[in-house]
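Dear colleague,

I am handing over the structure below for your records. My account of what was found in it follows directly after.

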Amino acid sequence: MQLEQSPREASWEGTVPNAVDGRVVGLVVVTAGLAASINVPYGGLAMAAAAFAIVTGLGLGCHLLGERKLRRITDDLVERWVAAGGEIEGVTRSATGTRTEWRVHTPEGDIVIGGVALVPIARLCVEWRGIADTMAASEAEERIDSLAESLYREIFELGSASQRS
């Protein structure tokens with residue numbers, strides 16, 4: 001079954017907001033501090049400062065690329081669901097700021113999409129009604145059409161049928 005275009009108007013025409021993960025930023029800073037402390041005896045304070053700057057820059061760059069990848073996947077999923085006739089009321093980021101996750105508000109309930117936003121090991125997690133599915137973000141990007149289709153069936157078709165019962 002392919003996602004089909006719905007004749008009715010879409011209720012969501014927004015974008016997915018940024019969501020920086022405080023835990024990943026903390027991990028990057030701690031790792032950079034460790035790299036700096038290891039370099040103090042061997043290269044002095046200048047080498048330690050350089051190591052801290054390099055590791056922090058690379059780590060934050062990897063985090064921002066991972067966040068961008070997860071945000072793009074979230075946007076693609078929401079666009080496909082709206083095009084198929086799913087009713088999306090809005091997309092907001094996690095209120096705490098300690099996670100890279102978004103809440104997709106629907107009449108069937110909130111769908112939480114997020115994961116680990118660090119580019120070499122980026123993971124996508126989709127949670128709905130307490131049940132979560134996790135996969136590599138690169139795998140999700142590769143098979144975005146089949147992922148959107150299966151989640152649409154589970155959330156919008158089966159979910160709304162179970163609510164009516």
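Contact here means heavy atoms within 4.5 Å. Please bear in mind that this is a predicted model.

On that footing, Thr98 touches Asp21, Gly22 and Arg23, not counting residues up to four places away in sequence. Thr98 and Gly22 are 76 residues apart in sequence, and their C-alpha atoms lie 4.5 Å apart in space. Thr98 itself sits in the loop between strand 1 (90-93) and strand 2. With a relative accessible area of 36%, Thr98 is partly exposed.

Thr100 belongs to strand 2 (residues 100-105). Its relative accessibility is 1%, so Thr100 counts as buried. When neighbours within four places in sequence are left aside, the residues in contact with Thr100 include Ala19, Val20 and Asp21, then His63, Glu67 and Leu70, and also Ile113, Gly114, Gly115 and Ala117.

Overall architecture

The protein chain holds 3 helices and 5 strands. Read from the N terminus, the order of elements is α-β-β-β-β-β-α-α. The chain has 165 residues, of which 37% count as buried. About 9100 Å² of the protein chain is exposed, and 57% of that area comes from carbon and sulfur atoms. If one takes the contacts between residues at least 6 apart in sequence, 60% of them join residues at least 24 apart.

Helix 1 and the annotated segment

An unreviewed UniProt entry places the feature "transmembrane region" at residues 44-65. In the model, residues 44-65 are 100% helix and 0% strand, with 32 Å between the end C-alpha atoms.

A nonpolar patch on the surface is formed by Leu34, Ile38 and Tyr42, which together have about 390 Å² of accessible area. Of these residues, Ile38 is found in helix 1 (residues 22-83). The relative accessible area of Ile38 is 48%, so Ile38 is classed as partly exposed.

Salt bridges

How many salt bridges does a search of the whole structure find? The search finds 7 salt bridges, and three of the pairs are described here.

Arg71 and Glu67 meet through their side chains in a salt bridge, at 3.2 Å from N to O. Both Arg71 and Glu67 lie in helix 1, where they are 4 residues apart, or about one turn of the helix. Are the two partners buried or exposed? Arg71 counts as partly exposed because its relative accessibility is 24%. Glu67, by contrast, has a relative accessible area of 4% and is therefore buried. Glu67 is also one of the residues in contact with Thr100.

A second salt bridge joins Lys69 and Glu141, with 3.7 Å between the closest N and O atoms. Lys69 lies in helix 1 and Glu141 in helix 2 (residues 137-142), so this pair ties together parts that are 72 residues apart in sequence. Lys69 has a relative accessibility of 16% and so counts as buried, whereas Glu141 is partly exposed at 30% relative accessible area.

The third pair is Asp145 and Arg80, whose side chains meet in a salt bridge of 2.8 Å, N to O. This pair links distant parts of the chain, since Asp145 is in helix 3 (residues 144-164) and Arg80 is in helix 1, 65 residues apart. Asp145 is partly exposed, its relative accessible area being 48%. Arg80 likewise counts as partly exposed, at 25% relative accessibility. Beyond the single pairs, salt bridges that share partners join Lys69, Arg72 and Glu141 into one network.

Aromatic residues

The structure has 2 aromatic pairs. Ring pairs link Trp81, Tyr152 and Phe156 into a cluster.

In summary, helix 1 is tied to helix 2 through Lys69 and Glu141, and a salt bridge between Asp145 and Arg80 links helix 3 to helix 1. On the surface, Leu34, Ile38 and Tyr42 form the nonpolar patch.

Kind regards

Notes: Residues are numbered from 1 along each chain as its sequence is written. This is a predicted model: local features need pLDDT of at least 70, side-chain atom pairs count only at pLDDT 80 or more; totals for chains, interfaces and linings use all residues. Side-chain values use heavy atoms; hydrogens and water are left out. Patches are made of residues with over 30% relative accessible area and no salt bridge: like charges are joined within 9 Å, nonpolar side chains (Val, Leu, Ile, Met, Phe, Trp, Tyr) within 5 Å. Accessible areas come from the Shrake-Rupley method with a 1.4 Å probe; for residues, only the protein chains shown count as cover. A salt bridge is a side-chain nitrogen of Lys or Arg within 4 Å of a carboxyl oxygen of Asp or Glu. Helices (H or I, at least four residues) and strands (E, at least two) are DSSP runs, numbered from the N terminus. Buried means under 20% relative accessible area, exposed over 50%, partly exposed in between (1.4 Å probe, protein chains only). UniProt positions are given in the numbering used here, feature names are shortened, and annotations may be inferred rather than shown by experiment. Rings of Phe, Tyr and Trp (its six-membered ring) pair if their centres lie within 6.5 Å; planes under 30 degrees apart count as stacked, over 60 as edge-to-face and the rest as tilted.
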